[in-house]
Structures are given as structure tokens and as C-alpha cells.
Amino acid sequence: MDFLTLRNVNVSGKRVLMRVDYNVAIDENGDITDDTRIRNSIPSIKQLQEKGAKIILLSHLGRPKGREQKLMLDKVAHHLSSLLNHEVRKVDDCIGTEAELVVATLTNSDILMLENIRFHPEEEKNDVEFARWLARLAEIYVNDALAVSHRNHASVSAITHLLPSYAGPLLEKEVHFFEKVMKDPETPMVIIIGGAKISDKIGVILNLLPKVDYIIVGGATANTLLHAKGIDMAASLVETDKLAYAINLLADGGEKLVIPVDVVVEAENGVSTSIVEVTDFDTLEPGSRAKDIGPKSIELFISKLEGARTILFAGPMGVYEDYRFSEGTLKLLQAIGGINGIKIAGGGDTLAAVSFFKMQDNFTFLSTAGGAMLEFLEGKKLPGIDALEQAKHRMMEEGRAYTM
Ligand code: ADP
Ligand code: MG
């Protein structure tokens, strides 16, 4: 990583605009159902408070079409305030007169939350004029939201041309872990891929295959690989249009690729379940669906984790939401707890499974970056990270990188 961080700047008394990721899960009333993203931002906010910054927080929530009451950030501001035990002020737009007036009254360590930035369509267009209005509010810009850094949006990209720009502590930590996985992992390294679709994870598997000792594949992702081996998967979730890729992966992966030897099958009636060795799968009724890895697969997968120094967990091993198909995911999460090393989990449903089974403590790092994490691990350059790196170079040339 080649960007500047909060260690490179004195923020005391300065207005700091920090892009955070408060795109939290909410229910139909707009109440927060999972506050992980808010909790993850607390150390960054506290650091800015300790350094005496005037803190202005900026986030999006959901996919609004214009202003939507349910997607306003008041509940997020309120919840943040209770977590911090500190007042969090809130304005009803992220640019304009009200925001500018309130910003002018901030004193050191005060916190202000701006309104959902996606109420303005200019955000997703990376509109420079819009970014100029944002930039008027602050003296320093901080990106602490890896989760949106794969997007070329005004609050991650255009803004870096208008304010001295720094990486926030959470983004820095997240990038550090992912760079370590990609460039200099402690080995043996094992990655566990699961979830619904092999197409989501293809890029990651390909990029990491040369670096890992094992790639363990479960979930419906494994169904496509089993299908590619010529096994009739009946009515299981399979991406038939990814067959050619799956066949190549089986060949390239060789011994490194570890796939299920048995599965938990749901019968066509949707009620009864049975454990089936994958080689016997073609004896089953046509409506059957493989929905979890079986006990022999669990044992096999866990044996590959032994001695690992780096583990990346991306995707549940089965339909963990249903207790009948939760065993594979649960047993692997438990086994990860017994391994000494760097253990990272990421992905929306993966984190939901980790918190459902209360296994947070089994991991070194839980990444909420989702799609951005996958793109990072595919080896792609993320626009938001690129913007920070370019901003550093411009600042160095102009000799204003270190404003201590
Ligand atoms: P993440 O959000 O962590 O990247 P995905 O979205 O790829 O994970 O996949 C999670 C979903 O995959 C879960 O809802 C789970 O029920 C589903 N899933 C896992 N295994 C299977 C399977 N064998 N058949 C159908 N769905 C599955
Ligand atoms: Mg998902």
C-alpha cells in the first residue's frame, strides 16, 4: 500500500471528512438488524477524537431513488452515539447551507453525521461539481470504507482531487491483511470457498491458487465442480454455464483443490434428508438437492486446516440458515477456532453465519468489504485505493504531504 495514513497528518482542530461504510442491514421499518459496520468504525472515530479532529462522517445506506425516509441515517447516528457514549449531531443533507452552518460550529472531537450521500445521484456518477460541495465542508479527507472502494464514486474518487487525502485506520488494517494474503502470507495457507455461486469466486480462486496449499470448496460452489466431474447433481443448485471453467479448475487445482466426498441431501418432498456419498448421487430421485457437506467431507476439510498459518473463509459450506444444513459451516468455524494463525472471514452471508454461530472470536479479522474484498483478492486495482495513492503522489510533488 502506497497511500498516506493518519500517522502522516496533524488533524488537531481540523475539519476531517471521513467516508465510512454504514450500509448496515435494516428491517422494513428502517431499524438496524446488524451493527457490525458501525462497531468496526469505532476505533477510527476514537482515534480522530483523541487527536482533536472535528469529525464529519459520510456514508451511504441502501440503494435509494432520490430521498427515502427509510434510508435516512438518523437511526445510524443515534446508534453510533449510544455506542460511543458521545453526542453525534446529524444534518438532513450531505451538502448545502445547513451542513455548512453546523460544520462551522464544530469544536475539537465533535462528531457530525451527514445524510445518506446516495440521495444525490451525482455521487455514483463521480461528479466533480458535487465533490466540490462536499470538499467545502472539510480540510482533510479520510477514506475508511474499503467496502465502497471498488466504486468510482464522488465520495471515494473525485473528492481526493480536492482535499489532502488519507487512508483511515480500518481501511489500512483491511488492506494490510489482504495484501499479506496476496503477497507474503504465512504458510501453509488454506482458503475455504463456499456460498451460492462459483461465478462470484472464480477470480479469487484463480488468483490465489498459485499461493495456497489448499483450496477447500463447499456449498453450492462445490456442486458445480462435482457436476463438472460428471456427477449427476439432480436438482441441486449448479451453474451449468460455468461448466467449462469448472472443468479447467479441476485440472489446474490438482491436489490443492479439496471438494466434498459426501453431501447432505434434501429429498424432493423438502422434508426428509439423507447423507449421500457423491459417487452414489445418481441413485437418488431427480428432485433431490445437495444442501450441505456431509460428515466425511467435514472430517476431510478439517484435516486440511491442520497446521495452517493463514486461513481465509469466504462462503458458507451449506444452507446454514436451515439447521438441517448448518453442520458443515458450524464444524468448520469451530475447527478454525483451534488453529493458530491469521484467520480472516469475509462476505455478507459468511459474516452472518459467523455471528449466527457466535464465532467472531475464532477470527483475527472479519472483513465487511464484501464485493470490494473479492475484487481486491482477484488482484484488481480498486479505484478508491488508486485514488488515495495518486493523491499521495500529487501531495508529495507539491510538498504538502507532511503537514505536521
Ligand atoms: P457470501 O455472501 O458470504 O459471499 P454467498 O452469497 O456466496 O456468500 O452464499 C451464501 C448463500 O449460499 C447462503 O444463503 C446459503 O444458503 C447458500 N448456499 C450454500 N450452500 C448451498 C447449497 N448447497 N445449495 C444452495 N444454496 C447454498
Ligand atoms: Mg451473499
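Visitor: What makes up the shell around ligand 1, by class?

Guide: This is a predicted model, and in it the shell has 6 nonpolar, 7 polar and 4 charged residues.

Visitor: Which residues of the shell are closest to ligand 1?

Guide: Of the 17 residues that surround ligand 1, the closest are Ala-196, Ala-290, Glu-321, Asp-349 and Thr-350.

Visitor: What makes the pair between Glu-321 and ligand 1 a polar contact?

Guide: The cut-off is 3.5 Å between N or O atoms. An N or O atom in the Glu-321 side chain sits 2.5 Å from an oxygen atom of ligand 1, so that pair qualifies.

Visitor: And how do you know that Lys-201 makes one too?

Guide: Same reasoning. A polar atom in the side chain of Lys-201 is 3.2 Å from a ligand 1 oxygen, and the limit is 3.5 Å, so Lys-201 counts. With Ala-196 a backbone N or O atom takes part, 3.0 Å from an oxygen atom of ligand 1.

Visitor: How much of ligand 1 does the protein cover?

Guide: On its own, ligand 1 has 580 Å² of accessible area, and the protein covers 84% of that.

Visitor: Which elements give two or more residues to the shell?

Guide: Helix H7 (219-228), strand S14 (289-293) and helix H11 (348-356). As for the space that ligand 1 takes, that is the largest pocket.

Visitor: Over to Met-1, in the segment before strand S1 (15-19). Why is Met-1 called partly exposed?

Guide: Buried means under 20% and exposed means over 50%. Met-1 has 39% relative accessibility, so it falls in between and counts as partly exposed.

Key. Residues are numbered from 1 along each chain as its sequence is written. Chains are lettered from A and ligands numbered from 1 in the order in which they are written. This is a predicted model: local features need pLDDT of at least 70, side-chain atom pairs count only at pLDDT 80 or more; totals for chains, interfaces and linings use all residues. Side-chain values use heavy atoms; hydrogens and water are left out. A residue is near a molecule or strand if one of its heavy atoms lies within 4 Å of it. A polar contact is a pair of N or O atoms within 3.5 Å; within protein, one must be able to donate a hydrogen and the other to accept it, and residues adjacent in sequence count only if both atoms are side-chain atoms. Accessible areas come from the Shrake-Rupley method with a 1.4 Å probe; for residues, only the protein chains shown count as cover. On a 1 Å grid over the protein atoms alone, a cavity is a set of points where a 1.4 Å probe fits but cannot get out, and a pocket is an open set with protein on both sides within 12 Å along at least five of seven lines; lining residues have an atom within 4 Å of a point. A molecule sits in a cavity or pocket if more than half of its atoms lie within 2 Å of its grid points. Helices (H or I, at least four residues) and strands (E, at least two) are DSSP runs, numbered from the N terminus. Ala, Val, Leu, Ile, Met, Phe, Trp, Tyr, Cys and Pro count as nonpolar, Asp, Glu, Lys and Arg as charged, and the others, Gly among them, as polar. Buried means under 20% relative accessible area, exposed over 50%, partly exposed in between (1.4 Å probe, protein chains only).
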